[in-house]
Amino acid sequence: MIKILAEKIHDNRFLRLVRNMLRAGYLEDWRWNTTLSGAPQGGVVSPVLSNIYLHKLDDFAGNTLIPEYTRGETRTRNKEYESVRHAYRRARKSGNHEKARELRRRQAFLPSVDCADPGYRRLHYARYADDTLFGFTGPEAEAEEIKQRLTAFLRDELRLELSAEKTLITHARTGAAKFLGYEITTQHSGASGRKRINGSIAPRVPVAVIKAKCAPYLERGKPAAQTALQNLGDYDIVAAYGAKYRGISQYYLLAGDVHRLSRLRWVMETSLLKTLAAKHDSTVTKMAARYKATIETPAGPRTCLEAVRIREGNQKPLVARFGGIPLKRRKNAVIIDRAPGRDPYPRKEIITRLQRNRCELCQHSGQVQVHHVARLADLVYPGPGQPAWARLMAKRRRKSLVACPPCHDQIHAERPPAAIPATA
C-alpha cells in the first residue's frame, strides 16, 4: 500500500502517517490486537485506500487483458443461414409459397452470424469496490486462461487471493453471474421471439432476493402485522414501510424483470394494512379505503397508501407514501441524491460571536464580554416580569450571552444576589 502511494505522493510525513494507521492494531473485547494485514474496518479512509490499491487491477485489466483478448470488428456471416435466406428469396420469387414458409421456419432456428468465429473476441471489465465482473465473448478455454492470469497477477503483484467460492466462470445463456445483487444473463428469444435481442446482456432480480426481502413480513407463509411498529403514529408506520420498499424497488429498476417485485409490494402492503388495522382495532379493508390515494407518475396514475401529518402554523403537512412506483424497467435509471442545502440556522460558536465585537443585547459595536449561566433553569425569575437579557437567552436556548460592559453590569444588577454566577 505504501509503495503504491509513494508512486504519486512524495510527502514522507503523510506516508508515515498512513503506515502508522495501518499498523495501529484493533480492539476486540477491549483487548488490543496487532494488525497483520488490511486496512482498519470501518475507517473513514479505508474505502479510499481500497480503491487506490485496486487501481492496479483496473490498469492490468484495461491495458493488458482487454487489448489482448479483444479482436475483430464483427462476426462473419453464417454460411448456412445465408444459403437458406437466398433459397427463401428464390422460392418467393418463383411463387412456391409452401417451400418459402418452410425455409422461413428453418431460417428462424439459425443464427445469422458464426457464433464460434475464431477472429472475433470481446472482453469487458467492471468493478465496484472489491466486486469485479469480466464479460468475455469466446471459448471456455480462453476464459479459463484469463482467470489464471488474473489469479497470478493478484497473487504476485497485490498479494491478494481470489475467493474460490465466488470466482466462477458462468455461461451467460445457461446460467447467471451475480454482480452487485443482480443476476447477469444473456437474452435469447428462441425461434418465435425477437431475434434482435439475442446475445444482449440482461440484469435480472434474483428470486432469492425477493424471498429474503419478503421473509420479515411473513408469518407461516402469510403477511403479518409488525407489532414493533404498532405504537408509532400512522405517518411513521407508513413512512417506515415506504422507505424500505422504495429503496429496494428503485435499486432494481435496471432489471428487465423488475415486475417480479410486485410480489414484494403485495406482501409489504398487506403487512402494512394489518399493522394499521391492529393499531386502530379495525379491518384491513377499512384501512385500505382510509389510506388509499392516487398519484401521478411518469408512467401514468398509480395507486398507493398515503398518510398525512398536519403541522402547526403555515408549515406544509408531511406526507408519507407506500407504493406508487411503476415497476417498469428504466435502462438509464440513476440515483439522484438531494443536494445538501445550507444550514438555515446561524452558527453558534462562541469564537465567531466574539469576533463580531457586537453586543447581542443592544447591538452596539465595541468591546464585549460574555455572561454565563450554569443552567437554563436559572433564567426563571420570581415576580411579574423577566429581564430582556434573560428572555433573549431563553429564546435562543443559550447559556452564554455576548454583551458590552454597560449591559453586562446591568445584567448583574438585575440578577438575584444569591444566583450571580462567575463571568468571563
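**Reading charges and rings in a predicted model**

Guide: With a relative accessible area of 39%, E80 is partly exposed. The model is a predicted one.

Visitor: Which side chain meets E80 in a salt bridge?

Guide: A salt bridge is read from the N to O distance, with a cut-off of 4 Å. The partner of E80 is R106, at 3.4 Å from N to O. This pair joins distant parts of the chain, as R106 is in helix α5 and E80 in helix α4, 26 residues apart. R106 has 44% relative accessibility, so it counts as partly exposed.

Visitor: How many salt bridges does the structure hold?

Guide: The total is 18. Among them is the one between E82 and R77, whose closest N and O atoms are 2.9 Å apart. E82 is buried, at a relative accessible area of 14%, while R77 is partly exposed, at 46%. Another joins R265 and E269, with 3.7 Å between the closest N and O atoms. These two residues are 4 apart in helix α9, so about one helical turn separates them. Salt bridges can also form a network, as they do among R353, E360, R396 and R398.

Visitor: Where is D117, and what is the nearest side chain of opposite charge?

Guide: D117 is in the loop between α5 and β3. The nearest oppositely charged side chain is R75, 6.2 Å away. A salt bridge requires a distance within 4 Å, and D117, though buried, has none. A polar atom of the D117 side chain does lie 3.2 Å from the backbone nitrogen of T76. Beyond its neighbours within four places in sequence, D117 contacts T74, R75 and T76.

Visitor: How many aromatic pairs are there?

Guide: For pairs of rings, read the centre distance and the angle between the planes. The count is 8 aromatic pairs. One of them, Y182 with Y252, is tilted, with 5.0 Å between centres and 55 degrees between planes. Y182 belongs to strand β6 and Y252 to the loop between α8 and α9, so this pair ties together parts 70 residues apart in sequence. Both Y182 and Y252 are buried. The pair of Y217 and Y241 is also tilted, at 5.6 Å and 40 degrees. Y217 is in the loop between α7 and β8 and Y241 in helix α8, so parts 24 residues apart in sequence are tied together. Y217 counts as buried at 8% relative accessibility, as does Y241 at 2%.

Visitor: Which residues form an aromatic cluster, and which charged end sits over the ring of Y88?

Guide: Y182, Y251 and Y252 make up one cluster. Over the Y88 ring sits the charged end of R104, 5.4 Å from the ring centre.

Terms used
Residues numbered from 1 in each chain as written. Predicted model: local features only at pLDDT ≥ 70, side-chain atom pairs only at ≥ 80, totals over all residues. Heavy atoms only, no water. Buried < 20%, exposed > 50% of the residue type's maximum accessible area, 1.4 Å probe, protein only. Lys, Arg positive; Asp, Glu negative; His and termini not counted. Polar contact = N/O pair within 3.5 Å; in protein donor to acceptor, adjacent residues only side chain to side chain. Contact = heavy atoms within 4.5 Å. Phe/Tyr/Trp six-rings, centres within 6.5 Å; stacked < 30°, edge-to-face > 60°. Lys NZ or Arg CZ within 6 Å of the ring centre and 35° of its normal.
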